[in-house]
Every structure is written in C-alpha cells, then in structure tokens.
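Thanks for coming, everyone. I'd like to walk you through one structure today, so let me put it up on the screen.

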Amino acid sequence: MNSYSFLAVPLKSTSDVDLVKPLTTYIDTVFNTSDDNKAEVAEAVQELNKLRSKACCQPLDKHQSALDIVTRYYDQLVAIENKIIISATQNPVVFKWKDAFDKGSLFFSKASLSISDGSFERAAVLFNCGALMSHIAASQPFLTDEEMKTAAKLFQQSAGVFARLRDTVLGMVQQDPTPDLTPDTLSALSALMLAQAQESIYIKAFKDSMKPSALVKIAAQAADFYLEAQKAMNRDSVKGLWEKEWLQVVNGKSLGFQAIAQLHQAAVSCKCEQLSRLTEALRLSELASKYLPPGCLSEQLNSIQKRYAAAKKDNDFIYHERIADFRSLPALPRAALVKALPVTHPISPRFKDMFSSVVPVQVHNAMQCYEGRKGELVNIETGRLREHTQLMNGILASLNLPAALDDVTSMDTLPESIKQKSAKVKQAGGIAELERLFKELPSLYKRNEEILDETNRMLTEEKESDDTLRRQFGTKWQRMSSEQLTGPLLQEIGKYRGILHTASSADKMVKDKFEANRAAIEMLSKNEVELRNAIPGQAQHSVEGASEAVKKLRALMNQVQEIKVQREKLEKDFKSVRSDITDDLLRAMAESQLLNEEQISKEKIQQIFGPLKEQVEASIKQQDHVMAEVQTWNTRFTNEKSGSGSGAERERVLKMLAAGHDSFNELKGNLEEGTKFYNDLTPILVRLQQKVSDFSFARQTEKEDHMRQMQQNIISGGSSGGGGGGGAASTPPPRPPPPAPRTEVEPPVPPPRTQQSLQGLCCEFLLLHGFRE
C-alpha cells in the first residue's frame, strides 16, 4: 500500500493445465483441418498453452507488460469461445482456480473451484485482468501528469471489468462460485475501483492547483463513491471477506473526502458559513484519522486544523459573525468525472487471433449441414440414375437382349454379348472377389461394435463410481451428476449403434441378393469353354440378321450403351463437385448474427447442381423413349422368330446370365461401399471413444479434488468451506480420491507430515463410514 493507501485486488491463482492434447484432439475431431492448416493450428495450440502458463501460472510484475500478457490470453479465450468449445461433455479440460481473498491456514489450502468449462476460465482470467489493473494503478508514484492519468484510467477499466463480471458471472460459472466471484463481491470491488479513480482525479486537480469550487465537486463525489463502496463491502454476504485494513481505509476515505470537500467549500463561502463548514470538516477529519493509516490524506487533513484555528481566531477577535447552523447550509455540488469503462474486445490493442483459420462453431455446423444437404442431393440423384439403369437392365434381361440378337446372326452357342459380360465379371475378380468382400464385412462390423462397447463401458463405469459416492455421502456429495453430463454422449453412442444396426440389415439384404444370383455369377466366372458347355445350343432360326427389326434393335442397344456411359460420367461429375460455402456463411454472419443456413445452402446447391439435375432428367426421359422403342421392335422381332423347347431353355439361361452380370456389378459396388463405410466409421468412433476417455479423466480429476475438499472439511469439523474467506457465504467446492491406507507406523515427524497423516486418517474415515457425523 502506497502513501495514498490505494487498495489493490489480489489475483486468483491456478495450476498448470495441458491444453495441447485436448484442444488438438477436439480440432482434429470437429473441424477435420486440412494438411495445410494442421501445422498452423498445432503451432497455435502450443502458443496458447505457453501464453496461459505466462498469464496464469508465473509471477506477474505490476507493469503494463504483464497486463498485456493477461489481456492477450483473455482476448484469445474470447476469440475461440465460439470456435473451440470447452465443456464437461464436448472437450473436457479441468480448470482449477483458487479464491483470491482466501489466505488458507496450516491445515487447509485455499478455497478453490474446479470446472471443465471454458467460460469459467474466461471469468477467472478477466477477474485477474481487473485485479492487475488495480495493482498497476495503485503502484503509480503520482508525481507526473502521465502517472496520475494512467492510474485514473486503469482504476476505471478495473471498475468496468468487475462490473462486467458482476452482470455475467452466474451465467459463466455453472456451479456456486468461490466468494471472490459472487455478484456482491464483484459489485463491491467495482464500486471501490470507481472511488479510487475519482480520488486519482482529485489528486491531479489538487496538484494542478485548480479552483476550490472545482475541488469541492471532485472531493464531494469521491466521498459519495467511497460511501457506496463502504455500503457494498459491509453487506452480510461479503463483509467477512475483507481484511480489517481494507474496511478501515474505505471508511476513513469516505469521511476524509467529506471533510476535504467542506474545507474547499469554506474557501469560497462567506464568513458566517465558512466557520460552520470548517467546524464540520474538523469533526469529520478527526473521525477519518482514526481509520486512515499515517500519512494518508495528511496534507489536506492537517490543513483543516490550521484553517479552522485561523478562521476561529479571526472571527473571535475581528468579525464577530454569528456562526451559521451547518444543517441549514446548502448541500455541496458534485461532479462525477469517472465511470466504469465497459470491457471491449479485444482489450489488448495488439491482439491477433492465433486461430484465425478456424471458423466459429456456428459456421462450422452450418457447413456440416450444407455438406449433409449436398450429400443427400448427390445420393438422391445418383440413386435415381442407378434405379433407372437397373430398371432398364431388368427390361432388357427379360427380353433376352442383346443376346437374342446375337443368335440371329450366329450359330455359336455362346453369344458375343454374354462372352463380353463374362470377361468383365472375371476381370473384376468374379465370384471369388465377392466372397472375399463378404468375408471381410463381419470383422469390420465387429471392430466398430467393440469400440462402441468400450466407449459405453467407460461411461457406465464413471456413472457407477459417481452413484456409489453419491449414495455414500448423500447431500454432501455436491457436484453435477453423471446423468446431467453424459446425455449427449449416450445419445451419440445410441446414434452410432443405430447406424451399425442399419448397416448390418443392409449387409443381410446384399447377402440374400448374392445367394439369389450365385448360380449365374458362378457361370460367368468360368472360362469360355465351361461357359459355352453350360449354355443350351440354339435351334435353327428363321429370322434373317439383316431384317429391319434386328437392325433397329441393334441401333437401340447402341443407344442403351450410350445412356449407361453418360450416366457413369454424370455420377462422377456429381461426386467430383467441390464447393466452398465458408465465405458465404462468414459474410452472412458478419452482416447478421442470425445465420440462415438453410436458405444459403439451398441457393448454393441450386447454383452448383442445377445443371447436373437437368441432365439427370434428360437422361431419364431419353431412357423412357428408348425403352418404348425397344418394346415395340422386340414384339415385331419375336413374331418373326421360330421357337422350340430347347430354344426356350436357352433363352432362360441367357436371361439368367444377363441378370447375373448386372447383379454382380451391383453387389460388388454395394460391398465396396459397405467396406468403405465401416472403415470410415472406425476413426469417427475412435474419436468418440477419445472424447469419452477425456471426459472420464476430467471427472476422475474432479472427483479427486472434491474428495480432498471434503477431507479438509472433516478436519475443520465440517463447518467451514475451506478454512478461509471469513464470514463470506460459500459452499464446499467440489472434488475427490483418497490416499492409499497407511500400512506402516511412522515415527513422530515435524508438523507438515502430521498434517498429512491427519488428512490420510480423515480420508479413511470418509470411505469407511460414509461421512456420517
């Protein structure tokens, strides 16, 4: 405390936290950053971790450079608030902060609170911003104009910080906060900082020898501010929080500035009023001197005694004026020259967001929705193409086309079209390839199911541990229950179980289709000689290869092939479209905080996929026209043919082989998609498992801390919330596990070891007797 007895708010303290692993995991899981951005983001996470260590865990000088570090860390926390969510369920990082005003004792550490929440970290760091501002302001020598202006500005900024926290802290800290973060405490600190800012203005005005009429207004307002701070600090909820010296200084300055204001007003008053005001000033100064430390406001208070003595002497011997009744005198004018400066972002003037390449979660979620809409449209349109292609293949197979046309121009048992289909099947691996893919699916499914089972086991184990301690300690186990936290995680596990169940059902349908077409696929997988022997020979045909019907059908078959080639290209075009909607979303968010993702996405999708959808419609219409032509000319063709029993059997086999070829291609595509689906799902489930593992670890850390706190409460007789904070209202902070029971008798040792032994015995008592008093 300097000669002006300015009060500086103590800083909250914390311990080191590793931000690298959880933040890196979260960013990789949620944002799927590109390789180009990964190195940049990894470096940013490392820098943020170092910045926290400097801002929160290392001693800070009472200098602007130290404040720059703390405000830069706070600004970065605000910048990532909507980008990197830190919460008990999404990205658990346990932040433990101790109460700033709790000095602790021999047996107890400071009252503290541990929460896995980024908003709690922001609240604690913002508190330290305000506290450090008060330290730098209070440490100013007040010798130059610049020093006095700096002090006044920092006190106002500090008042604004505490006012901001007062209004928002209950929304930022989801549990009962430590005493230093209660609204009443923050309101008192804001009022105190504002009073000290007004005093700083008075000091400058007094040193600048401003007119007494101006000094009256400044001093009277300072007295009012200190009186408001005194009232706020004497509330029952916070009175026990302050050191006795603090209460005395505030009380003394409230009285002292009332006296000083009367002193300056006496200088501009008439003789009868002057002595009355000096008498009141003398009374107030004598009261103030009982509370203020030596030297505080001494120049002004000493001046009151001298001025009073001189005025009284002059009146007694010269003027003989009747002294006015002080109660009848007009109230002093006031001038509030300071205010709590609002907290703006960024606080640090040279702040630069380390995570500028990471978009806000709101935009990221909108991008995910857009990708979902885009994927859904691609699946629908490609599904329509495949569905119509299968319909076309089915119609042609039922008509035995184009194999029937081959029989017209050749007596070969193996039609050229079937020979080509067989070659394609064998080139793709034949039935052996399908059987290999089928064999892989169960192991892929089981791997994903085991990951989900293990993830669920960790959550179940954590819940059982929490439930056991809750039953054991009853209402004394004051922390958020597992059910309140694990809902989203369990819902996510359930969602993926449903997806796996659906995938398993789809696998069964594919398997059934394979069995239905196995015989045809096996035949197509044989060599040419075996395939020819398996097909019945053809009878003498009567249709000439050059007939109009044959020519027309061959032309139509060429059109069918063209349609298939066009559709393959169209599918590739749908899947190869790359579109970035990030800029559209960021621009919309900058214009309005309300992001209409649906409208923006639909407009973007229509712009990109509109032409491709038109091509799909044109292809389907072309198919309808070609198939109608095929039906017409095939009727004419069949009327020209002569048939027999052996011819009917041959036609049946050829139709079966044509359908088998189409089924092979479809089955292979389905199996490859299924394999890719299971392989793509595995890393997603592993990330979910890691998220649950981090959550369980955070809960374990919280449990250990909570049990240590309860252990300390037992030592104090269960009546204090951490051995400090005076009479401030507080609840026992949450956290737990016990040290291992001692198996050896230790010899007498110095007091610190005795304390640990007492805590160990108390922890055993907690576990064995369920904390029954």
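I'll be saying "helix 19" and the like, so here's what that means: helices (H or I, at least four residues) and strands (E, at least two) are DSSP runs, numbered from the N terminus. What you see is a predicted model, where local features need pLDDT of at least 70, side-chain atom pairs count only at pLDDT 80 or more, and totals for chains, interfaces and linings use all residues. Residues are numbered from 1 along each chain as its sequence is written, and side-chain values use heavy atoms, with hydrogens and water left out.

Okay, helix 19 covers residues 597–640, and Phe609 is found in it. Buried or exposed, then, for Phe609? It's buried, with a relative accessible area of 0%. The cut-offs are under 20% relative accessible area for buried, over 50% for exposed, and partly exposed in between, using a 1.4 Å probe and protein chains only. Phe609 also has a partner from far off in sequence: Lys374 is 235 residues apart from it, yet the two are 8.9 Å apart in space, C-alpha to C-alpha.

There are a couple more contacts of that kind. Glu649 lies in helix 20, and at 35% relative accessibility Glu649 counts as partly exposed. Its C-alpha is separated by 8.9 Å from that of Ile535, with their positions 114 residues apart along the chain. Then there's Glu522, in helix 15, again partly exposed, at 35% relative accessibility. Glu522 and Ala432 are 90 residues apart along the chain, and their C-alpha atoms are separated by 9.1 Å.

On to the aromatics. A pair of aromatic rings is described by the distance of the centres and the angle of the planes. Here, rings of Phe, Tyr and Trp (its six-membered ring) pair if their centres lie within 6.5 Å; planes under 30 degrees apart count as stacked, over 60 as edge-to-face and the rest as tilted. How many aromatic pairs does the structure hold? The count is 16. Take Trp242 and Trp246: their ring centres are 5.9 Å apart with the planes at 10°, so that pair is stacked. Both of those tryptophans, Trp242 and Trp246, are buried. Phe473 and Trp477 have ring centres 5.6 Å apart, but the planes are at 35°, so this pair is tilted. Phe473 and Trp477 are buried too. And one aromatic cluster is made up of Tyr4, Phe6, Phe142 and Phe155.

Some rings have a charge over them as well, where I call it that if NZ of Lys or CZ of Arg is within 6 Å of the ring centre and within 35 degrees of the ring normal. The charged end of Lys511 sits over the ring of Phe438, 4.6 Å from its centre. Lys495 does this with Tyr496, at 4.7 Å from the ring centre.

Hang on to Tyr496, since it turns up again at the second largest pocket. That pocket has a volume of about 570 Å³. Bear with me for the method: on a 1 Å grid over the protein atoms alone, a pocket is an open set of points where a 1.4 Å probe fits, with protein on both sides within 12 Å along at least five of seven lines, and lining residues have an atom within 4 Å of a point. Of the 20 lining residues, the closest to the centre are Thr29, Val30, Glu492, Tyr496 and Lys691. Which element gives the most to this lining? Helix 15, with six residues. Helix 1 (20–31), helix 11 (361–398) and helix 20 (645–715) are also among the elements giving two or more residues.

Where does the second largest pocket lie? Domain 1 (13–328) and domain 2 (383–474 + 503–538 + 546–710) both give residues to its lining, so the pocket lies between them. Those bounds come from an automatic or database domain assignment.

Last, some backbone oddities. The peptide bond from His345 to Pro346 is cis, with omega near 0°, and Pro346 lies in the loop between helix 10 (298–319) and helix 11. Ser209 has a positive phi, near 55°, in a residue other than glycine. Ser209 is in the loop between helix 6 (183–207) and helix 7 (212–233), and it's exposed, with a relative accessible area of 63%. Leu297 also has a positive phi, near 60°, but Leu297 is buried, with a relative accessible area of 10%.

Technical notes:
Points joined across faces, edges and corners; volume = space filled by probe spheres on them.
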